[in-house]
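I opened the notebook to record what I looked up in this structure, strand by strand and then helix by helix. The entries follow the order in which I went through it.

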Amino acid sequence: MAQTPKRPTPEDEVFMKSLADFAHRELATDRRSPFASDVVETSTGKLVMRRLNGVRIENDPSSHAEVRVMRAACKKLKTTSLKGHTLYTTCEPCPMCMAMALWAGIDRVVFGSTISDASRHCAQIYVPAKTLQRKSDMDCEVVGPVLRRECVALFEDPRMLSAMALWKKSRGGKPAKPARRASGS
Ligand SMILES: [Zn+2]
């Protein structure tokens with residue numbers, strides 16, 4: 001179902017700032033990640049759940065922050081539907097996470113940095129979240145980038161840069177490629 005992307009609300013910036021600040025504080029810990037997500041009740045602004053990326057900690061390539069936070073929110077609320085909820089995420093969701101948001105019936109997805117921002121630091125799949133939504137039957141408003149600079153700063157923090165360089169080395173990864181723009185229609 002085609003939808004016109006909406007502009008972020010002032011509340012979106014407040015929620016994104018809180019999430020980016022949380023991720024920034026976590027840079028001082030072993031859990032550090034530029035990827036953090038919140039599930040918030042859309043009508044009240046109540047925070048239901050907050051998670052960081054857990055791929056390394058859980059040895060699970062699907063443990064992206066968005067997947068983890070939606071799983072935890074569903075468990076907490078004892079439901080398979082997150083209708084009535086907004087997903088805030090410091091980086092534009094990858095196709096796996098965006099598909100899960102659609103399956104979960106999330107009302108709105110609000111993201112900080114973009115897939116092309118993230119591609120400067122780690123491998124990405126170049127399908128924009130808005131494209132995935134347009135190719136689905138689900139109504140979901142995709143809004144972003146919101147506070148992009150603050151969210152990009154999470155990747156660029158020296159503690160994050162050195163941690164990512166080590167992880168890449170341990171995975172036998174290649175050096176970062178020039179940023180690529182996610183495209184699709
Ligand atoms: Zn993802």
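**Strand E1 and its partners**

I began with strand E1, which I found mostly covered, since five of its six residues are buried. I note here that the model is a predicted one, and I read every entry below with that in mind.

I then looked up how E1, residues 36–41, pairs with E2, and found the antiparallel sense over five bridges. For individual partners, I noted that Val39 is bridged to Met49 in E2, and that Val40 stands opposite Leu47 in E2. The two strands form a hairpin with five residues between them, and in the turn I found Gly45 with a positive phi of about 75°.

On the pairing of E1 with E3, I again recorded the antiparallel sense over five bridges. Here the partner I looked up was that of Glu41, which is His85 in E3.

**The sheet as a whole**

In what order do the five strands of the sheet lie? I read the order as E2-E1-E3-E4-E5, in an open sheet with mixed pairing. The edge strands are E2 (47–52) and E5 (141–143), each of which pairs on one side only. From one strand to the next, I noted an average twist of 15°.

**Helices on the sheet**

I next asked which strands helix H3 touches. Helix H3, residues 65–77, packs on the sheet and touches E1, E2 and strand E3 (85–91), and I noted that its direction makes about 145° with that of E2. I also looked up H7, which lies across E3 and strand E4 (108–113) and runs at about 60° to E4.

**H3 against H4**

For a pair of packed helices I write down the angle between the axes and the distance between them. For H3 and helix H4 (residues 95–104), I recorded an angle of about 25° and axes 9 Å apart. Angles under 35 degrees count as roughly parallel, so I entered H3 and H4 as roughly parallel to each other. H3 passes H4 in a left-handed crossing.

Which residues meet in this contact? From H3 I listed Glu66, Val67 and Met70, which meet Cys97, Met100, Ala101 and Ala104 in H4. Sorted by class, the residues of this contact are six nonpolar, no polar and one charged.

**H1 against H7**

I then turned to helix H1 (residues 10–26) and helix H7 (residues 148–156), whose axes come within 10 Å and cross at roughly 15°. By the cut-off already used, H1 and H7 are therefore roughly parallel to each other. I noted a left-handed crossing as H1 passes H7.

On the H1 side I listed Lys17, Ala20, Ala23 and His24, and these meet Glu150, Cys151 and Leu154 in H7. By class, I entered four nonpolar, one polar and two charged residues for the contact of H1 with H7.

**A residue in the loop after H1**

Last, I looked up Ala28, which is found in the loop between H1 and E1. Is Ala28 buried or exposed? A residue counts as exposed if 12 or fewer other C-beta atoms lie within 10 Å of its own, and Ala28 has 10 C-beta neighbours inside 10 Å, so I entered Ala28 as exposed. I also noted that the C-alpha atoms of Ala28 and Arg56, which are 28 residues apart along the chain, are separated by 16 Å.

How values were computed. Residues numbered from 1 in each chain as written. Predicted model: local features only at pLDDT ≥ 70, side-chain atom pairs only at ≥ 80, totals over all residues. Axes fitted to C-alpha atoms, helices over the stretch in contact; angles between N-to-C directions. Helix = DSSP H or I, 4+ residues; strand = E, 2+ residues; numbered from the N terminus. Parallel < 35°, antiparallel > 145°, perpendicular 65-115°, else oblique. Left-handed = near helix turned anticlockwise from the far one by under 90°. Contact = placed C-beta atoms within 7 Å. Nonpolar A, V, L, I, M, F, W, Y, C, P; charged D, E, K, R; others polar. Pairing = 2+ DSSP bridges. Buried ≥ 20, exposed ≤ 12 C-beta atoms within 10 Å, placed from the backbone.
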